[in-house]
Structure formats: structure tokens, C-alpha cells
Amino acid sequence: MQASYLGKLQKGRPKVSVCVRVMRKWTVKESMGQRIPLFVGLVLADAKGDAIYAEISQELIKTLDPLIQLHNVYVISKFKVNNAKPTYKPLDCQLMIELTEFTMIRPAENPPNTFPAYVYALTSFTSILPAQGPVAILTDVLGYITKYTGVVCVTPKGKERGSILREVFIKDLSDNELKITLWGEHAVNFTVGDLNTKENPKAVIALFVGFIPRKWHSHSDEERPYLSGSSGSYHYLNPQITEALPFYDRFKEEPIYIERPEAPEAEKDVEPQHTPLDQKTIAELNSIDPYDFADEGYKCAVTVTHIPDDNSWWYMSCKGCKKKMDPQPGGGYQCPKCHGTNSLPRYLFNFSAKDETGEANFFAYDETARIIIQKDCDLILNPLKLAMGLPQQLQAVIAKKFIFSINLTENSFTSKARRQYLVKHVLERLDRSGSLLTATVSTKVNKAIQLPSTSSAQPQNQLQMTRAPQFNQQVLEIPQANESTPAPPTETEQTPVKEHTSLYDISPVDTAGARKRLFEDTNVVEHNTSVTEVTQDNINSSPGSPPQLQIKRAKLQKPRR
């Protein structure tokens, strides 16, 4: 089959082969239940410096995943080229590669030594805009490390599964500070090691790629952005790239000691802590006085029975502050709070659900509703052409089974007739075959939950638009996305141990310590996209000066016209 380069690929089924190096590899798992793998993501680069995102679908993971290893070079043929996903992209590309059942993968023989060592698209600290919801392209940043915390275990309120996190703080050349949150194995494995010690306090420059920009709600009035990691995030310490040279020059003679945990060895044994919620039937939930409801809430296994078809399941929100917008006489919308005009449809998802003990009204905000419906609201709704009845995506939710983490809405404290349960998290989907929880969904009910009839049952009480209850304890919000384009979870099956490169001791490209990278945000601007190749001349550079580099500008794959 004829050989080709990534930059020449067009949408379709090309009858060519490509010789590529695996720059990054990660497994995206669902954020609930058994953590079932959803797909494997790859960043591939060819010898010309072109890069593209590729994906192994869920049904082919067992077959194709073992054939592709991080950093190795392969010849790949019989694949499909599709439009890139709209969200959580590791690269700003219009196309992506889909590996199929017919895809041929074989190790390359005598591959060239011109494959890149890094693929990145830097964003300045001052240009990072926090995202509220899914993001288009992930953010990459460069800075020098000032401190990092020890690993801690956190369990978000209303969830059972705990997570491990570590916070890293970096600064740019203007000393603007940025917090970066690492999750799971990324958090456990992070260390600067001997690159910075009391006896040798050299600066450590870090390249972080594939992060999600979020809003840092600090105690001060200023709300600063921070970066949150994902399963495809990577970091490189002392990377040999052009943008890092000013850092090396500045700190050539200036000592910097990095604040860090005193006993990092003990952190390797840290395990996430899980806190099971008390499971209740609907009858038991209805019998609890609202003022006796547990602050952490409960979990319940229910089947969705009814969704109102009066368009009350969505609202037009301000894209910036999420407030409900007012329609304007001349068309469009305006936010009554910030007076913005950038609008976005979001869910206000009222529905009814039941188990064998009773039926109740439930409510979910946009983030949780997207997990239930598995589609973003703006993808199934056209505000300019509202159709009668429920969209097909919402109809498909009826008769589906879930395990919810729930609490009470504010209106539930007003009267029994307005009682409604706020869905905080989706703990499990019970409509999938192979779920181990389907056999043990309830410790309270002896009989299995019966499927409802295909006709939707009307709720006993009229559903109310409510606000979420306010809790005294701090809640850690971990963003999630719909399953059709799942947000990258915080754990990965491919987290290779990084070989740290001394500032003045550069490894060849074959053994350069590579660290992961992934998908990100619509608001990312001021990208400077580079692919850097480390050559033998760099390795032999004198130890008293920064490494000399040969730089290739990245040619991220775009469709041919």
C-alpha cells in the first residue's frame, strides 16, 4: 500500500499507509459504576512533524490496544479519516483517525530519526479563560515550578467514589501564578526528584499539556482560572523547546527551592477512599422529614417514567454566568445579571421515576442532566424552531434505570406537595448488560425493580422549577460530560514512569521522557504551536549553557481543499 504523510490525509477511507510515532496514549473510562473503558485516545506524529488525534473504539480495545505502545513507531493502514470530535480535542485539527476492525498495525523497520519529541500549543497565563462545561481544545502551558502539595484523597459530596489529587503551582516569566490540579496516578507519580534539592536548588521548568481550564473560587474577591487534569494530561520537566530558553537564561545563576511534601515516598501507597451512601427506596425517602434529611443525601435505584413535554426541561442561559436570560424585542437574549448577550441552552430537567415502593418527582441541573440524557442540550434543541413534544433523545431516557445520589430541592422544605429530589450525581446506569450492580441494586428491596409500561405515567404532583439546597460543608465540583463525548476521567491505564531530564543533561529523542496530553477549551487563544526535535548536537552541547535546539513548527493536520 502506498505510503503517505498525515498532512495529506483527507476525509474518507484512504488507501494509504502512514508511518507514525505514538506521542501519547490514554484510556477514557466512564465516571460511574464499574469504570468501563469507553475508548483509547492517541496522539500520532509522523517524521515531517504533522500530528493527528486517533481513537480506538470500545469494542476494539481488547484487540488493538495491545498492538500500540507509547513512544513506538508503527506503520498503520486500512483506517478511516473522520471529522474531529467537537470537544476535548488534544490538537486543533479538523480531522481524526478512526482505527477499525480491518486496521493493520505493524512495527516500523528502520524508521527515520526525525520524529518530534513534543507536540504542544502554548497558551499564555493571562489568556486562559475558565470553561463552564465541555471544552473544544485542551490547554497547554509552560512555567517554572514554585511548589507542589502532597496528595490528598477527596470524595465530592453526594458521591461514593473518592479521588486522589495534588496541586502544583507554576509561574511564567512575569511571575503570574497558575494552579494546576493533577488527579489519580498523575498526582501520585508527580515529583521533581533530584532536579531540585536544598544542595542543588536549580529551577525546574514544566510543560503541562492537555488540561481543562476551570474557575478557581478562592477566598479573595478575585476569581482566577486554574487547570484541571484529565486522563490524557501529560507533563514534561525541563523540556528542550525554544519557549523554555528564556526560563533557562533567567535562572541560570538564580537558585530556587521548590516547596514540596516532606515524605514523598509515603505517597506512593495512598489509595482513594470510598464512602458508601445509605441506599433508600422511594417509600423510605418520602417518609423522612425534610429537616432530618442527611446532609450527604442518599442513593436510590429508580426507573424513569415520565418527562413533561412542555419545554420546561431547558432554559436559555447566559454562557458566562449561567443565569436565565431575557428574550429581547429585537431578537436574541440578554442576561439580567451581567447584561451579556452570549447565550447557550441548558437543561432544567424535571422528570418522574419509580421503584416498586412508589413514585416521586426528580430534578437535575445541566451537568447531571447531560449524563442522564447523554447529549448536550444545544445539540438536541433549536431555539428558533421549537418542535412539539419531547425530542427523541429525551424519549429514550424513559424506562431507563439509574442509581442516583440525591438530596432535596429547596421547595421540598415548603410543603409535602412540592417535595422533589435533586439528583446530585449519577452513580450507575442499570440499563446496560454486564453491569455487576444490576444483580444487587438494592439492599432494601428483596424483589427486582419492575420495568414500567411503555406509556409514561403521570406524576402525582406537579413538577416545580427549584434551586439546589445549600449545604454548609465545602463541595468539590468535578466536571463531567455526556457519554457520547465523555469528559476525560482522572485516571488512566497508560501512565508511564517519567525519566527526568537534567537541565544540562539532555537525553536523545528515543529515550526522551514523554508525559501525557489530551483534549480542551473553546476559549483558548494565543496558541503557539510547536513540535520540537532533540538532535545529537543538543546532547553534546556544553553543560554551562542552555541546550541548542532544532525547532520544527507543527503542521497540524488539516483537510486539503
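**Exercise 1.** Locate histidine 71 in the chain and describe its backbone and its exposure.

*Solution.* Histidine 71 is found in the loop that runs between helix 1 (61-64) and strand 5 (73-77). The model is a predicted one. Next comes the backbone: histidine 71 is not a glycine, yet it has a positive phi of about 80°. Most residues other than glycine have a negative phi. Last comes the exposure. The relative accessible area of histidine 71 is 25%; partly exposed lies between the limits of 20% and 50%, so histidine 71 is partly exposed.

**Exercise 2.** Do the same for aspartate 175: in which loop is it placed?

*Solution.* Aspartate 175 is in the loop between strand 12 (163-171) and strand 13 (177-183). Its phi is positive, about 65°, although aspartate 175 is not a glycine. With a relative accessible area of 36%, aspartate 175 is partly exposed.

**Exercise 3.** Classify the ring pair of phenylalanine 351 and phenylalanine 362, and say which parts of the chain it ties together.

*Solution.* Start with the count of aromatic pairs, which comes to 18. In the pair of phenylalanine 351 and phenylalanine 362, the ring centres are 5.6 Å apart and the planes are at 15°. Centres must lie within 6.5 Å to pair, and planes under 30 degrees apart count as stacked; the pair is therefore stacked. Now place the two residues. Phenylalanine 351 lies in strand 21 (residues 343-355) and phenylalanine 362 lies in strand 22 (residues 358-365), so the pair ties together parts 11 residues apart in sequence. Phenylalanine 351 and phenylalanine 362 are both buried. Ring pairs also link them into a cluster with Phe293, Tyr298, Phe349, Phe402, Phe404 and Tyr421.

**Exercise 4.** Over which rings do the charged ends of lysine 147 and lysine 179 sit?

*Solution.* Take lysine 147 to begin with: its charged end sits over the ring of phenylalanine 169, at 4.7 Å from the ring centre. For lysine 179, the ring is that of tyrosine 226, and the distance to the centre is 4.8 Å.

**Exercise 5.** Describe the chain as a whole: how many helices and strands does it have, what percentage of its residues count as buried, and what area does it expose?

*Solution.* The chain has 8 helices and 26 strands. Of its 561 residues, 54% count as buried. The exposed area of the chain is about 26,100 Å², of which carbon and sulfur atoms supply 48%. For the contacts, take those with a separation of 6 or more: residues 24 or more positions apart account for 72% of them.

Terms used
Residues numbered from 1 in each chain as written. Predicted model: local features only at pLDDT ≥ 70, side-chain atom pairs only at ≥ 80, totals over all residues. Heavy atoms only, no water. Phe/Tyr/Trp six-rings, centres within 6.5 Å; stacked < 30°, edge-to-face > 60°. Helix = DSSP H or I, 4+ residues; strand = E, 2+ residues; numbered from the N terminus. Buried < 20%, exposed > 50% of the residue type's maximum accessible area, 1.4 Å probe, protein only. Lys NZ or Arg CZ within 6 Å of the ring centre and 35° of its normal. Contact = heavy atoms within 4.5 Å. Areas by Shrake-Rupley, 256 points an atom, 1.4 Å probe, with all protein chains shown as cover.
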